[in-house]
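I opened a fresh notebook page for this one and jotted things down as I looked them up. Here is the structure, so you can follow along.

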Amino acid sequence: MSWDAYCNLPSATCAAICGVDGTQWGKKGDWKSAKEENLKLFKVSRGAMCPVNGIKYMIVNESDGVFFGVKGDNCICVRKLTKCFLMAIGPKNSQSKLISEINGFAEPLAKGGY
């Protein structure tokens, strides 16, 4: 299975999986972020401003281990693991679906030590 498969969240317009050093392993859609931006997302906390694809998202909360932020009609979700992290962008009204989907993709990675 390629790393891109872990980014194939149905509710996401784009997504990525990266190592804790910010190196992108796989993506879905038009995900564009530099290694430095990815590192900021890995170190994300509530209240942080995180630029992705030229848009700054404000991280507003955490639910079920997933940090999420908003900008306009879109939201971003970030799920940190030990050796990698998953990120997804999608419609703000699909936030709960994105959180559930990203955790569903993260679970087998966590069990595998990632």
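**Entry 1: cysteine 84.** I began with the contacts of cysteine 84. Leaving aside neighbours within four places in sequence, cysteine 84 is in contact with Ile17, Cys18, Gly19, Val20, Trp25, Phe42, Leu109 and Tyr114. A reminder to myself before going on: this is a predicted model. I placed cysteine 84 in strand E7. Buried or exposed, I wondered, is cysteine 84? Its relative accessible area is 0%, so I noted cysteine 84 as buried. I also looked up one of its partners: cysteine 84 and phenylalanine 42 are 42 residues apart in sequence, with 8.5 Å between their C-alpha atoms.

**Entry 2: the overall picture.** Next I stepped back to the whole chain. I found 2 helices and 7 strands, and read along the sequence they run β-β-α-β-β-β-β-β-α. The radius of gyration is 12 Å, close to the 13 Å from the globule rule for 114 residues, so the protein is as compact as a globular protein of that length. Along the principal axes, the C-alpha atoms fill a box of roughly 35 × 30 × 25 Å. I wrote down that buried residues make up 44% of the 114. The accessible surface comes to about 5,700 Å², and carbon and sulfur atoms account for 50% of that surface. For contacts between residues at least 6 apart in sequence, 38% join residues at least 24 apart.

**Entry 3: helix H2.** I then turned to helix H2, residues 95–111. Its 17 residues reach 24 Å from the first C-alpha to the last, close to the 24 Å expected at 1.5 Å a residue. Which residues of H2 are buried? I listed Gln95, Leu98, Ile99, Glu101, Ile102, Asn103, Ala106 and Leu109. And what covers these buried residues of H2? The cover includes strands E1 (14–19), E4 (55–63), E5 (66–71), E6 (74–80) and E7 (84–91). After the helix comes glycine 113, and its phi is positive, near 90 degrees.

**Entry 4: asparagine 103.** I picked one residue of H2 for a second look, and asparagine 103 is in that helix. With the cut-off for buried at under 20%, asparagine 103 has a relative accessible area of 17% and therefore counts as buried. Outside its neighbours within four places in sequence, asparagine 103 is in contact with Asp64, Val66 and Arg79.

**Entry 5: aromatic pairs.** I searched the whole structure for aromatic pairs and got 5. In one of them, tryptophan 3 and tyrosine 6 have ring centres 5.7 Å apart and planes at 40 degrees, so I logged the pair as tilted. Tryptophan 3 is partly exposed, because its relative accessibility is 29%. Tyrosine 6 is at 18% and so counts as buried. Tryptophan 25 and tyrosine 114 make an edge-to-face pair, with 6.1 Å centre to centre and 80 degrees between the planes. Tryptophan 25 lies in strand E2 (residues 24–28) and tyrosine 114 in the segment after H2, so this pair ties together parts 89 residues apart in sequence. I have tryptophan 25 down as partly exposed at 29% relative accessibility, and tyrosine 114 as partly exposed with a relative accessible area of 31%. Ring pairs link Trp3, Tyr6, Trp25 and Tyr114 into a cluster.

**Entry 6: charges over rings.** I also checked for lysines over rings. Which ring does the charged end of lysine 80 sit over? It is the ring of phenylalanine 42, at 5.9 Å from the centre. Lysine 83 lies over the face of tyrosine 114, 6.0 Å from the ring centre. Both rings were already in my notes, as phenylalanine 42 and tyrosine 114 are contacts of cysteine 84.

**Entry 7: valine 52.** My last stop was valine 52, which lies in strand E3 (residues 49–52). Its relative accessibility is 0%, so valine 52 counts as buried. I looked up its distance to serine 33: the two are 19 residues apart along the chain, and their C-alpha atoms are separated by 5.6 Å. Setting aside neighbours within four places in sequence, I found valine 52 in contact with Trp31, Lys32, Leu41, Tyr57, Ile76 and Ile89.

Methods:
Residues are numbered from 1 along each chain as its sequence is written. This is a predicted model: local features need pLDDT of at least 70, side-chain atom pairs count only at pLDDT 80 or more; totals for chains, interfaces and linings use all residues. Side-chain values use heavy atoms; hydrogens and water are left out. Helices (H or I, at least four residues) and strands (E, at least two) are DSSP runs, numbered from the N terminus. The expected span of a helix is 1.5 Å times one less than its number of residues. Buried means under 20% relative accessible area, exposed over 50%, partly exposed in between (1.4 Å probe, protein chains only). Contact means heavy atoms within 4.5 Å. Rings of Phe, Tyr and Trp (its six-membered ring) pair if their centres lie within 6.5 Å; planes under 30 degrees apart count as stacked, over 60 as edge-to-face and the rest as tilted. A charge sits over a ring if NZ of Lys or CZ of Arg is within 6 Å of the ring centre and within 35 degrees of the ring normal. The radius of gyration is taken over C-alpha atoms; the globule rule is 2.2 Å times the number of residues to the power 0.38. Accessible areas come from the Shrake-Rupley method with a 1.4 Å probe; for residues, only the protein chains shown count as cover.
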